[in-house]
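Please walk me through this protein chain, one piece at a time. Short sentences will do.

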Amino acid sequence: MSRPRLTIGTCGEINFQRTSGGKMTARARARYRDWDGKTRLVQATGDTRKSAE
């Protein structure tokens, strides 16, 4: 059974990764269904998980 489609204007589960480099930062990634109906991968970075979210 497949997953239900995302409703327009909503995002899926937010996943976190640690980025490599001199400074440890967190990267948040999620799928987002835009207003044109297409699903896109969006991401943001921050010093902590909360700020990246």
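## A bridge between strands

In strand β3, the residue that bridges to A26 is G46. This is a predicted model. The A26 bridge belongs to a larger pattern: β2 and β3 are joined by eight bridges and run antiparallel. Strand β3 covers residues 39-46.

The two strands also make a hairpin. Five residues lie between β2 and β3. G37 sits in that turn, and its phi is positive, at about 90°.

## The other partner of β2

Strand β2 spans residues 25-33. It pairs with β1 as well, through five bridges. Here too the sense is antiparallel. One pair to find on the model is N15 with R29, its bridge partner in β2.

## The whole chain

How many helices and strands does the chain have? There is one helix, and there are three strands. Read from the N terminus, the order is β-β-β-α.

The chain has 53 residues, and 15% of them are buried. Its accessible surface is about 4500 Å². Carbon and sulfur atoms account for 50% of that surface. Now take the contacts with a separation of 6 or more: 23% of them link residues that are 24 or more positions apart.

## T25: buried or exposed?

T25 lies in strand β2. Is T25 buried or exposed? T25 has a relative accessible area of 16%. The cut-off for buried is under 20%, so T25 counts as buried.

Which residues does T25 touch, leaving aside neighbours within four places in sequence? They are Q17, R18, T19, G46 and D47. G46 has appeared before, as the bridge partner of A26.

## R5: a contrast

R5 is found in the segment before β1. Strand β1 itself runs over 15-19. The relative accessible area of R5 is 66%. Exposed means over 50%, so R5 is classed as exposed.

Exposed R5 still has contacts. Not counting residues up to four places away in sequence, R5 touches R33 and G37. G37 is the turn residue with the positive phi. R5 can also be placed relative to T39: their C-alpha atoms are 9.6 Å apart. Along the chain, R5 and T39 are separated by 34 residues.

## Looking back

Strand β2 pairs with β1 and is joined to β3. T25, in β2, is buried. R5, in the segment before β1, is exposed.

Methods
Residues numbered from 1 in each chain as written. Predicted model: local features only at pLDDT ≥ 70, side-chain atom pairs only at ≥ 80, totals over all residues. Heavy atoms only, no water. Helix = DSSP H or I, 4+ residues; strand = E, 2+ residues; numbered from the N terminus. Buried < 20%, exposed > 50% of the residue type's maximum accessible area, 1.4 Å probe, protein only. Contact = heavy atoms within 4.5 Å. Pairing = 2+ DSSP bridges. Areas by Shrake-Rupley, 256 points an atom, 1.4 Å probe, with all protein chains shown as cover.
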